[in-house]
Amino acid sequence: MSDTTIERTEGRSRMVGGLRAQDEGREVVLAGWVHRRRDLGGLLFVDLRDRSGLVQVSLGPDWTDAASLEVGHRVGAEDVVRVRGTVHLRPDEARNPELATGDIEVRAASLEVLNEADTPAIPVYRQPDEELPAEELRLRHRVLDLRRPELRDNLLLRHRLILAARNYLDAQGFVEVETPILTKPTPEGARDFLVPSRVHRGEFFALPQSPQIYKQILMAAGFDRYFQIARCFRDEDMRADRQPEFTQIDVEASFVGPEDIFRWMEGLMTALAAEAPGVEAVAPFERLTWADALEAYGTDRPDTRFGLRLEDVSAPLADLDFGIVRGALDAGGRVRAFVVPGGATLSRKQIEAIETAAKDTGAPGLLWCKRTDEGGSGPLSRFLAEGHYEALGLAPGDLLLAAAGADAVTSPALDAARRAAREAAGVPFEREHAWLWVTEFPVFEPGEDGALTSNHHPFVMPHPDDLDRLESDPLSVRGLAYDLVYNGAELGSGSVRIHRPELQRRVLRLLGLDDEAIDDKFGFLLGALASGAPPHGGVAFGMDRIVMLFARAGSLRDVIAFPKTTAARALFEGAPIPVADGDLRELGLRKEIPADG
């Protein structure tokens, strides 16, 4: 059933958004909200809104009963009304091509108010150039904010995408299984939300950061292909693209390698893109190893819609009598750079803005020079001879942006500079939709005090070619792990998992856990693997982020019905709140008063 037709009920015969010229003469019963009213004295026009869109309703003495006409003069914005009338074509000069129902109007025989609305705290109807109220105010009055067409359309798109995901995965033989929300705390990289148990005082459940362990157990149980539209929770610091609770498309399959996952998930993204106007996904997607992505773009989630690839320019600059370059090379670092074609036209202020973007990553700054017909300009140009420009591939009119030092510092700086330079110089996109698999992530990364931490999570299968270095050189071990990136945004991560308990134990030991801690935290997983677990792997995609990107929304909060603020507060319902002492005692808890409180 579409969102513009409904089964006839006592309250209405159809929704408003599907009315068209071919409905001329049809009698209809419509219900919805008053979006806007225009009173022309003898005639009244009401824009009636429901989930499916808008339609113009006209009231006049020749076709509307007197009582309804009187009611029409009193209705206000957001009143809930019901209209009985007939569909008529608008005169040619009165048609509205910007409205799907703009060729027709409904002449109301009767109008009744089902509920009068208070004066809206924030407007739902806005002129096209009218600014939105402050976001905090809109979140406090979310019931009104959700009536805006933009948010309505975002949530309808979200519905279609989730439905498309379910239909596609079902057609591929995947089975949806719900995993627990109250689960065991496990170290997955972020803090758990803990839930105290009233029955088992002093003990706690955790809300799941992901269904990772459960879906691996389902593979051991023989469920071959699993998926879930999963709710997940992470108690971490908020960012614009993070929420403490979020939704994943979670997928796992047995007897697979990365190629199987890539093929299925490229099909899934193609199915989702078909539901989003203006989005295109054409398989197969491009691939880059993690090491190559960092080398060419400075990030493991590069935006490949445009060029400006990084190059190692250590060799052509090795003879420079320049302390910054000399010091970086002597310390074992490198000089890496990219060329902005035509970038010599950028002003000093524009270049300083690019430098600021690089410095915001923690780098000390950038080196730069312009090549002009007269020679060069910029701090680096003082040390360059004509041959250097040629070796750097710098043509007249170009700008070179470079960073010297260790890759851990220069990569994020050059990534930020690359994105800022593209915008400043107006570098065109070479394509509109850039899909990319980033593969072969390292299993481990350096933690504090020389400890190892997981790059993705502790269950990633090490690359078979690197297993002999697992203990001797763990930081060099690649994993069968992969991320999907769309237009420079990470949509999700996945991997082939460790399916042998002895190998899983080795990896957990390298992460600093002794056998007692391993058995305490992961004994139930190791037991499942030991029961005869097949090789398996999967992926999880952030549903909220997919909807945000496909809808071209400015924030995750614009695609979630009731989001939290950046301070992790729910302003509409006023959560979180203090809990009474008696309720805490029932859970075996008590408040701890801070020393300075």
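Visitor: How many cavities of 30 Å³ or more does the structure hold?

Guide: This is a predicted model, where local features need pLDDT of at least 70, side-chain atom pairs count only at pLDDT 80 or more, and totals for chains, interfaces and linings use all residues. Residues are numbered from 1 along each chain as its sequence is written, and side-chain values use heavy atoms, with hydrogens and water left out. A cavity is a set of points, on a 1 Å grid over the protein atoms alone, where a 1.4 Å probe fits but cannot get out. Counting those of 30 Å³ or more, the structure holds 2.

Visitor: How do the residues lining the second largest cavity divide into nonpolar, polar and charged?

Guide: Lining residues have an atom within 4 Å of a point; among them here are Arg 142, Phe 562 and Glu 573. Ala, Val, Leu, Ile, Met, Phe, Trp, Tyr, Cys and Pro count as nonpolar, Asp, Glu, Lys and Arg as charged, and the others, Gly among them, as polar. The division is 6 nonpolar, no polar and 2 charged.

Visitor: Is Ala 406 buried, partly exposed or exposed?

Guide: Happy to help with that one! Ala 406 sits in the loop between strand 16 (399–405) and helix 12 (407–425), where helices (H or I, at least four residues) and strands (E, at least two) are DSSP runs, numbered from the N terminus. Buried means under 20% relative accessible area and exposed over 50%, with partly exposed in between (1.4 Å probe, protein chains only). Because its relative accessible area is 43%, Ala 406 is partly exposed.

Key
On a 1 Å grid over the protein atoms alone, a cavity is a set of points where a 1.4 Å probe fits but cannot get out, and a pocket is an open set with protein on both sides within 12 Å along at least five of seven lines; lining residues have an atom within 4 Å of a point. Grid points are joined across faces, edges and corners, and a volume is the space filled by probe spheres set on the points.
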